[in-house]
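This note is addressed to a colleague who has not met the structure before. Please read the numbered points with the model open alongside.

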Amino acid sequence: MSEFSAAVVIPEVEVTEKAVRRQFSAEYKRKVLTEADACTREGAIGALLRREGLYSSHLTVWRAARERGAVAGLAPKKRGPKVAPVDPRDRKIGELERETRRWKARAERAEALVDLQKKVSMLLGIALPERDETR
């Protein structure tokens, strides 16, 4: 083994897990806030945050939520866009539009079939009866 190859160290490649957002229950938030409110010594809140693996911003947000509403404010909220309830009129409009497209496609097929029948009768020399439009 040469001196150069012994000095080169290839780092081990490790695939890390995908990060998962932490979610805290309302009971846990309430417990931490109670402990934080009970802290009187200097540095006690910092020690609590380090022990629990939290940030001071967690306490700030949780306190504001607690002031807005005790239980509802501390409950975790769903992330992402809010799902709007579907209006039954919109559903009915969509169904009617689909039905209209189906009927239009069916009418176009029927017209194409009639045109084809006319062309075939002309090629074969078959006289078709005249259609009465007054009915």
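**Notes on the structure**

1. Residue L123 lies in helix α6, residues 88–124; helices (H or I, at least four residues) and strands (E, at least two) are DSSP runs, numbered from the N terminus. L123 counts as exposed because its relative accessibility is 74%; buried means under 20% relative accessible area, exposed over 50%, and partly exposed in between (1.4 Å probe, protein chains only).

2. The model is a predicted one, in which local features need pLDDT of at least 70 and side-chain atom pairs count only at pLDDT 80 or more, while totals for chains, interfaces and linings use all residues. Residues are numbered from 1 along each chain as its sequence is written, and side-chain values use heavy atoms, with hydrogens and water left out.

3. The protein has six helices and zero strands, giving the pattern α-α-α-α-α-α along the sequence. Of its 135 residues, 15% are buried.

4. A nonpolar patch on the surface is formed by L113, L116, V120, L123, L124, I126 and L128, with about 730 Å² of accessible area together. Patches are made of residues with over 30% relative accessible area and no salt bridge; like charges are joined within 9 Å, and nonpolar side chains (Val, Leu, Ile, Met, Phe, Trp, Tyr) within 5 Å. Accessible areas come from the Shrake-Rupley method with a 1.4 Å probe; for residues, only the protein chains shown count as cover.

5. Helix α2 covers residues 26–38, and the 18 Å between its end C-alpha atoms agrees with the span expected for 13 residues at 1.5 Å a residue, that is, 1.5 Å times one less than the number of residues. Its buried residues are A26, Y28, K29, V32, L33 and A36. They lie on the same side of α2, because they cover an arc of only 160° around the axis; the arc is that of the directions from the helix axis to the C-beta atoms. On the other side, E27, T34 and A38 are exposed.

6. Within α2, E35 forms a salt bridge with K31, with the closest N and O atoms 3.7 Å apart; a salt bridge is a side-chain nitrogen of Lys or Arg within 4 Å of a carboxyl oxygen of Asp or Glu. The two residues are four apart in the helix, so about one helical turn separates them.

7. E52 forms a salt bridge with R51, at 3.3 Å between the closest N and O atoms. A network of salt bridges links K31, E35, R51 and E52. The count of salt bridges comes to seven.
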